[in-house]
Amino acid sequence: MSTLEGFEGVYIVEPISKYLRYLFKVSRIHALEKTPYQEVVLAEIEGFGRSLILDKFIQSAEKDEYMYHELLVHPAMCLHPHPERVLILGGGEGATLREVLKHNTVREAIMVDIDPVVVEFSKRYLEHMHRNSFNDPRAKVIIMDGKDYVKQTPSSYFDVVIMDLTDPYASEIAKPLYSPEAFREIRRVLRDDGVVVTQAGSSYFYPDEYKWVLGSVKSSFKYISEYWFWVPSFGLNVNFVVASNVYRLEDYVNTIDERLRERGVTTRLVSGRFIDGLLKIGVLYP
């Protein structure tokens, strides 16, 4: 019997692991472009809405992108007492930038993405995700390899670095930024009490890659916090790692709600209680 018997229409088959595939039904392709780095698609996916897809991997889906972006941004931003300068590596669709700019402490948010086509594509088609964040006077977009940008940045410049890159197993473009050498440079460009956060793939489906990223972070930072959440459109558990040489996230969960409120930040998912629960669950391994 055919594995697709009973299925009609157009589908995207997305790799979930080395052995599993996720099947999405596509009702419409809104746009498709090819860049020197990757294929960029905006598709209407049944159950998830308008979705950004890079090289067959869903990056952001309209229905649940807030889960990923809130969990990436707000725990790290709230861990820092007064984040003014924030660096975003990747994040071409502008949703991470959107969440960062919710914090009224931010004076400068620099987003660095290697692919200008993705950024322009996002500006044109993904207003429902970036919500005009690219035009915020505090925001600056730089088209450049993130690794090179960090190397050229003065020491002790940023308060928070947010790594919104493709998965370490999904693309060779981002992989060097997950290396121990890259995190040494990130530590250098952070102020003494700086905070870094990265999405780190999936500890369950790609445990070796996750442990490699975690080891890279640990090689440069004293306090490491790990949490994960199941993002429906990704079809897997997404892991996040927050690190600092001064602050430990577990010690500051009781300040998250207060800092969100003081900074005028509204969220759909993140709260102090929610993050405390995720931290207590522990890391999911096979």
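## Close-up views of a predicted model

**View 1. Strands E1 and E2 form a hairpin, with five residues between them.** Welcome to the tour; please keep in mind that this model is predicted. Strand E1 covers residues 10–15 and pairs with E2 in the antiparallel sense, the two being joined over six bridges. To find your way in the hairpin, look for Pro-15, which stands opposite Arg-21 in E2.

**View 2. Phe-24 and Phe-48 make one of the 12 aromatic pairs that the structure holds.** The planes of the two rings are at 70° and their centres are 5.8 Å apart, so Phe-24 and Phe-48 form an edge-to-face pair. This pair links distant parts of the chain, 24 residues apart. Phe-24 belongs to strand E2 (residues 21–34), while Phe-48 sits in the loop between strand E3 (39–45) and strand E4 (49–54). Both Phe-24 and Phe-48 are buried.

**View 3. Phe-229 and Phe-274 also pair edge-to-face, because their ring planes are at 65° with the centres 5.6 Å apart.** Phe-229 is part of strand E11 (residues 223–231) and Phe-274 is part of helix H9 (residues 272–281), so the pair ties together parts that are 45 residues apart in sequence. Are the two rings in the same burial class? The cut-off for buried is under 20% relative accessible area. Phe-229, at 18% relative accessibility, therefore counts as buried. Phe-274, at 24%, counts as partly exposed.

**View 4. Tyr-68, Tyr-227, Phe-234 and Phe-240 gather in one aromatic cluster.** When you select this group in your viewer, include both tyrosines, Tyr-68 and Tyr-227, along with Phe-234 and Phe-240.

**View 5. The charged end of Arg-85 sits over the ring of Tyr-157.** From the centre of the Tyr-157 ring, the charged end of Arg-85 is 4.0 Å away. A second arrangement of this kind brings together Lys-211 and Tyr-285: the charged end of Lys-211 sits over the Tyr-285 ring, 5.1 Å from its centre.

**View 6. An open sheet of seven strands runs in the order E8-E7-E6-E9-E10-E12-E11.** Its pairing is mixed. At the edges stand strand E8 (139–143) and E11, each with a single partner strand, so one side of each has no neighbour in the sheet. From one strand to the next, the twist averages 15°.

**View 7. Inside that sheet, strands E9 and E10 pair in the parallel sense over five bridges.** Strand E9 spans residues 158–164 and strand E10 spans residues 190–199. Which residue in E10 is the bridge partner of Phe-158? That partner is Leu-190. Helix H6 (residues 180–189) packs on the sheet, where it touches strand E6 (85–90), E9 and E10. The direction of H6 makes about 140° with that of E10.

**View 8. Asp-159 and Arg-191 form a salt bridge, with their closest N and O atoms 3.6 Å apart.** Asp-159 lies in strand E9 and Arg-191 in strand E10, so this contact ties together parts that are 32 residues apart in sequence. Is each partner buried or partly exposed? Asp-159, at 7% relative accessibility, counts as buried, whereas Arg-191, at 44%, counts as partly exposed.

**View 9. Arg-98 and Glu-65 meet through their side chains in a salt bridge of 2.9 Å, N to O.** A search of the whole structure finds 16 salt bridges. Arg-98 is in helix H2 (residues 95–100) and Glu-65 in helix H1 (residues 65–79), so the pair ties together parts that are 33 residues apart in sequence. Arg-98 is buried, with a relative accessible area of 7%, and Glu-65 is buried as well, at 5%.

**View 10. Lys-123 and Glu-120 form a salt bridge within helix H3 (residues 116–125).** The closest N and O atoms of the two side chains are 3.5 Å apart. Along the helix, Lys-123 and Glu-120 are three residues apart, about one turn. Lys-123 is partly exposed, with a relative accessible area of 37%; Glu-120 is partly exposed too, with 41%.

Definitions and conventions. Residues are numbered from 1 along each chain as its sequence is written. This is a predicted model: local features need pLDDT of at least 70, side-chain atom pairs count only at pLDDT 80 or more; totals for chains, interfaces and linings use all residues. Side-chain values use heavy atoms; hydrogens and water are left out. Rings of Phe, Tyr and Trp (its six-membered ring) pair if their centres lie within 6.5 Å; planes under 30 degrees apart count as stacked, over 60 as edge-to-face and the rest as tilted. Helices (H or I, at least four residues) and strands (E, at least two) are DSSP runs, numbered from the N terminus. Buried means under 20% relative accessible area, exposed over 50%, partly exposed in between (1.4 Å probe, protein chains only). A charge sits over a ring if NZ of Lys or CZ of Arg is within 6 Å of the ring centre and within 35 degrees of the ring normal. Two strands pair if DSSP finds at least two bridges between them. Axes are lines fitted to C-alpha atoms, for helices over the stretch in contact, and angles run from 0 to 180 degrees between N-to-C directions. Contact means heavy atoms within 4.5 Å. A salt bridge is a side-chain nitrogen of Lys or Arg within 4 Å of a carboxyl oxygen of Asp or Glu.
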